[in-house]
Amino acid sequence: IYLNNALEGNGVKTFRQRAVLAGAQAVELADGTHLTAKTILIATGGRPSRLPIEGADLAIVSDDLFDLPTQPKSMIVLGGGYIAAEFACIFAGLGTTVAMVNRSPTILKAFDHDLQATLLEEMAKKGIDLQLGNAPMSIEDHGDTKRVNLKDGTTLEADVVFMATGRHPNT
């Protein structure tokens with residue numbers, strides 16, 4: 001609602017229906033309306049992706065975070081992007097024991113190296129167990145907990161596994 005109000009308040013007209021491109025600067029809406037404009041934005045949105053590993057369906061994704069029935073006591077965060085880093089810090093700040101697993105030896109790989117280093121230092125100070133350069137290979141259900149098996153042969157166990165490993169466009 002906020003986004004719609006912000007868009008409309010800035011003169012942006014939105015159409016919540018299917019459309020097809022009808023030319024270089026034209027679309028035809030599902031109701032038959034033909035529109036032309038200098039600029040046409042097609043906002044398809046996206047959805048969280050899951051790693052192609054055994055047990056991936058046992059993990060939650062960002063769409064599920066706000067529907068948790070209770071705050072988990074422990075969480076394993078898979079991924080090293082800003083969504084993974086943000087929620088690892090949020091849950092650690094709320095008192096959840098957090099481990100973060102990323103196959104890369106760092107996090108936020110597209111960001112400034114000084115920012116990466118500082119954030120990793122601060123995350124470690126918050127008690128986040130950083131498992132960098134180690135890939136998740138599978139997830140297993142163990143009743144009240146989930147177990148993540150890592151490439152180096154170690155395992156981590158937590159109440160919740162949160163997979164923050166990218167997004168796919170809805171196209």
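Gln-71 makes a good entry point into this predicted model: at 40% relative accessibility, Gln-71 counts as partly exposed, where buried means under 20% relative accessible area, exposed over 50%, and partly exposed in between (1.4 Å probe, protein chains only). The residue is found in the loop between β4 and β5; helices (H or I, at least four residues) and strands (E, at least two) are DSSP runs, numbered from the N terminus. Setting aside residues up to four places away in sequence, Gln-71 touches Phe-91, Leu-94, Gly-95 and Thr-96, with contact meaning heavy atoms within 4.5 Å. Gly-95 lies 24 residues from Gln-71 in sequence, and their C-alpha atoms are 9.0 Å apart in space. The side chain of Gln-71 also reaches the backbone oxygen of Leu-94 at 3.0 Å and makes a polar contact with the side chain of Thr-96, again at 3.0 Å. A polar contact is a pair of N or O atoms within 3.5 Å; within protein, one must be able to donate a hydrogen and the other to accept it, and residues adjacent in sequence count only if both atoms are side-chain atoms.

A few conventions help in following the numbers: residues are numbered from 1 along each chain as its sequence is written, and side-chain values use heavy atoms, with hydrogens and water left out. As the model is predicted, local features need pLDDT of at least 70 and side-chain atom pairs count only at pLDDT 80 or more, while totals for chains, interfaces and linings use all residues.

Stepping back to the whole chain, three helices and twelve strands are present. The radius of gyration is 21 Å, well over the 16 Å that the globule rule gives for 171 residues, so the chain is more spread out than a compact globule. This radius is taken over C-alpha atoms, and the globule rule is 2.2 Å times the number of residues to the power 0.38. Along its principal axes, the C-alpha trace spans about 60 × 40 × 30 Å. Buried residues make up 36% of the 171 residues. Of the contacts with a separation of 6 or more, 49% are between residues 24 or more positions apart.

The chain exposes about 10,900 Å², of which carbon and sulfur atoms supply 53%; accessible areas come from the Shrake-Rupley method with a 1.4 Å probe, and for residues only the protein chains shown count as cover. There are 15 positive and 20 negative side chains, and the centres of the two sets lie 6 Å apart. Here Lys and Arg count as positive and Asp and Glu as negative, whereas His and the chain ends are not counted. The place of a charge is taken as NZ of Lys, CZ of Arg, CG of Asp or CD of Glu.

The loop between β4 and β5 also holds Arg-50, which is partly exposed at 36% relative accessibility. Beyond its neighbours within four places in sequence, Arg-50 is in contact with Ala-56, Asp-57, Ala-59, Val-61, Asp-64, Met-163 and Thr-165. Two of these partners offer backbone oxygens to polar atoms of the Arg-50 side chain: that of Ala-56 at 2.8 Å and that of Ala-59 at 2.7 Å. Leu-156, 106 residues from Arg-50 in sequence, is 18 Å away, C-alpha to C-alpha. Ser-62 sits in this loop too, between β4 (46–48) and β5 (74–78), and counts as buried because its relative accessibility is 18%. Among residues over four places away in sequence, Ser-62 touches Pro-48, Phe-162 and Arg-167.

Further along, Leu-108 has its place in the loop between β6 (97–102) and α3 (113–125). Leu-108 is buried, with a relative accessible area of 7%. Its phi is near 50°, a positive value in a residue other than glycine. Most residues other than glycine have a negative phi.

Gln-131 belongs to strand β7 (residues 129–132). The Gln-131 side chain makes a polar contact with the side chain of Asp-129 (3.0 Å). Outside the four places on either side in sequence, Gln-131 touches Met-100, Val-101, Asn-102, Leu-150 and Leu-156.

Two exposed residues complete the picture. Thr-36, in strand β3 (residues 34–36), counts as exposed at 62% relative accessibility. Thr-36 touches Gln-25 and Ala-26, not counting residues up to four places away in sequence, while its C-alpha atom is separated by 46 Å from that of Asp-114, 78 residues apart along the chain. Gly-143, in the loop between β8 (136–142) and β9 (145–150), is exposed at 56%.
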